[in-house]
Amino acid sequence: MAGDTLTSSEYIKHHLTNLTFGQHADGTLGIAHTSAEAAEMGFWAIHLDTMFWSLLLGVLFLYFFKKAADTATTGVPGGLQNFCEWIVEFIDESVRGSFTSKNVLVAPLALTIFIWIFLMNLMDLVPVDVIPLIAGWFGIHFMKVVPSTDPNATFGMAIGVFGLMLFYSIKVKCLSGFMGELTFMPFTSKNPVVQAIFIPINFLLEFVSLIAKPISLALRLFGNMYAGEMIFILIAIMYNAGAVLGLFGGALQLGWAIFHILIITLQAFIFMTLAIVYMDMAHNEH
Amino acid sequence: MNINLTLFGQLISFGVFVWFTLKYVWTPIMGALEERRSGIADSLSAAEKGKHDEELARQHAKEILLEAKNQASEIKAQGEKRASEIVDEAKDEARAEGERLLTAARAEVDQEVNRAREQLREQVAKLAITGAEKILQREIDAAAHKDVVDSIANQI
């Protein structure tokens, strides 16, 4: 445990701080050594741990699926190929179920979202202190190993989905159709004057619901994973509080981890399904 | 927990991953799946066709067998008919031959009877002449009385 000399609140804070690289207050570039320093770096800083783990997991996912795709034969499939095909068919079925238009991008998008988020969430099951401890041996102070507990990661993906939504909305329905959806619904009237009054009201409602989509996508995943991580950290604090509480904490951690397997899969699935549904809404007129 | 450049890093990586998945993962795997699906469909339809062909062949064989059976019984009937014809012919021939032989034998018998009768007649004539010679005890001009003797002989 890293925090023998730390108080509980310091321990938690330590675990919730990203390895931030950016410009220090004195103008030099470097890694922040305290959370305060990290916060001071502002927008023009980057979370090295989030980037490292998410890229590593993404590359891992693509490596195995590419391998399966390369060896994909029409004959009897092998183990890895079977597994990948099983996932691909599962995603394909989900997309077929919720997406009614034709777009070759949606299914690969869903596959990427599902597997990537699942792998990022899976890092939550690694005991909270293991990787930061190993990183500590190499002189790295902060290490947040679950990229999906970083809002940057979840918002990055949600904004990606949102961008695709806007792009296909405008592409399929033209700019006028898209603006029409934003302003002429849900309240309509035959009377042009009443309709003109309705436009700002409609726009307010529709705009909020439009903006709510990526924000809810990102915050749902972030919130769930952040809370889960927090519980793991709180359980980890119990290890310092004597043998009995430590044992109890071990049992709790096991139970929470088992329950968390459900959550990480479910969150990945929800993100994917909602992304498919949003893409479907972008392709269809209401 | 600060929103910073990481957001763009994640956004860009996400885009690259999606592009990579579309290009190198999803398309080939779906292609392989589709190919396998169509291969299995082809095999199934080929099997169905084979079954159908077999059914047809079996029916055809049955027809040929039936025809062969019919032909065989026809040939057998013809053979039996021909055999009885041959027997009848043989019977007729035998009967005709027998009759011919009988007729020939009868003719021969008649001939023999005639010849015997002729011989008898000659002998009787000779006997009569001899008898007459003896009775008359005189020389008789055989030539002068030949017609008389002949007439007597003929009357026998």
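**Entry 1: strand pairing**

I began with β1(A) and β3(A), which pair in the antiparallel sense over 3 bridges. The model is a predicted one, and I read every value below with that in mind. I then checked the other side of β1. Strand β1 of chain A covers residues 20-23 and pairs with β2(A), again in the antiparallel sense and over 3 bridges.

Next I looked up individual partners. G22(A) has G30(A) as its bridge partner in β2(A). On the β3(A) side, G22(A) stands opposite A45(A). I also noted F21(A), which stands opposite I31(A) in β2(A).

I looked at the connection too. β1(A) and β2(A) form a hairpin, with 5 residues between them. G27(A) sits in that turn and has a positive phi of about 100°.

**Entry 2: the sheet as a whole**

What is the order of the strands in the sheet? I read it as β2-β1-β3 in chain A, an open sheet of 3 strands with antiparallel pairing. The edges are β2 (29-31) and β3 (45-47) of chain A. Each edge strand has a single partner, so one side of each is left without a neighbour in the sheet. I took the twist as well: neighbouring strands are turned by 15° against each other on average, direction ignored.

Then I asked which helix packs on the sheet. I found α3 of chain A, residues 48-70, touching β1 and β3 of chain A. The direction of α3 makes about 45° with that of β3(A).

**Entry 3: chain A overall**

I stepped back to the whole chain. Chain A comes to 9 helices and 3 strands. From the N terminus on, the elements run α-β-β-α-β-α-α-α-α-α-α-α. The C-alpha atoms of chain A fill a box of roughly 75 × 60 × 40 Å along the principal axes.

I logged two totals. Of the 286 residues of chain A, 36% count as buried. Of the contacts between residues at least 6 apart in sequence, 67% join residues at least 24 apart.

**Entry 4: the bend in α7**

Helix α7 of chain A caught my eye. It runs over residues 151-183 and has 33 residues. Its end C-alpha atoms are only 31 Å apart. A straight helix would reach 48 Å at 1.5 Å a residue, and α7(A) falls short of that.

Where is the kink in α7(A) centred? I traced it to C174(A), with a kink of about 110°. I then looked up the backbone there. C174(A) lies in helix α7 of chain A and has a positive phi of about 65°, although it is not a glycine. Is C174(A) buried or exposed? C174(A) has 11 C-beta neighbours inside 10 Å, so it counts as exposed.

**Entry 5: V128(A)**

I placed V128(A) in the loop between α5 (106-122) and α6 (130-137) of chain A. Why does V128(A) count as buried? There are 24 other C-beta atoms within 10 Å of V128(A), and the cut-off for buried is 20 or more.

I listed the contacts of V128(A), not counting residues up to four places away in sequence. They are H15(A), F232(A), I233(A) and A236(A). I checked the pair with H15(A) further: V128(A) and H15(A) are 113 residues apart in sequence and 8.2 Å apart in space, C-alpha to C-alpha.

**Entry 6: F187(A) and E206(A)**

I found F187(A) in the loop between α7 and α8 (192-238) of chain A. F187(A) counts as partly exposed because it has 14 C-beta neighbours inside 10 Å. Leaving aside neighbours within four places in sequence, F187(A) is in contact with F198(A), I201(A) and N202(A). I also took a distance to L119(A), 68 residues away along the chain: the C-alpha atoms of F187(A) and L119(A) are separated by 43 Å.

E206(A) is in helix α8 of chain A. E206(A) has 18 C-beta neighbours inside 10 Å, so it counts as partly exposed. With the same sequence neighbours left aside, I see E206(A) in contact with E181(A), L182(A) and M185(A). The C-alpha atoms of E206(A) and I261(A) are separated by 36 Å, at 55 residues apart along the chain.

**Entry 7: the contact with chain B**

Last, I looked up the interface. The contact takes 41 residues from chain A and 29 residues from chain B. On the chain B side that touches chain A, I sorted the residues by class: 18 nonpolar, 9 polar and 2 charged.

Conventions:
Residues are numbered from 1 along each chain as its sequence is written. Chains are lettered from A and ligands numbered from 1 in the order in which they are written. This is a predicted model: local features need pLDDT of at least 70, side-chain atom pairs count only at pLDDT 80 or more; totals for chains, interfaces and linings use all residues. Two strands pair if DSSP finds at least two bridges between them. Helices (H or I, at least four residues) and strands (E, at least two) are DSSP runs, numbered from the N terminus. Axes are lines fitted to C-alpha atoms, for helices over the stretch in contact, and angles run from 0 to 180 degrees between N-to-C directions. Two residues are in contact if their C-beta atoms, placed from the backbone, lie within 7 Å. Ala, Val, Leu, Ile, Met, Phe, Trp, Tyr, Cys and Pro count as nonpolar, Asp, Glu, Lys and Arg as charged, and the others, Gly among them, as polar. A residue is buried if 20 or more other C-beta atoms lie within 10 Å of its own, exposed if 12 or fewer, and partly exposed in between; C-beta atoms are placed from the backbone. The expected span of a helix is 1.5 Å times one less than its number of residues. The bend at a residue is the angle between axes fitted to the seven residues ending there and the seven starting there.
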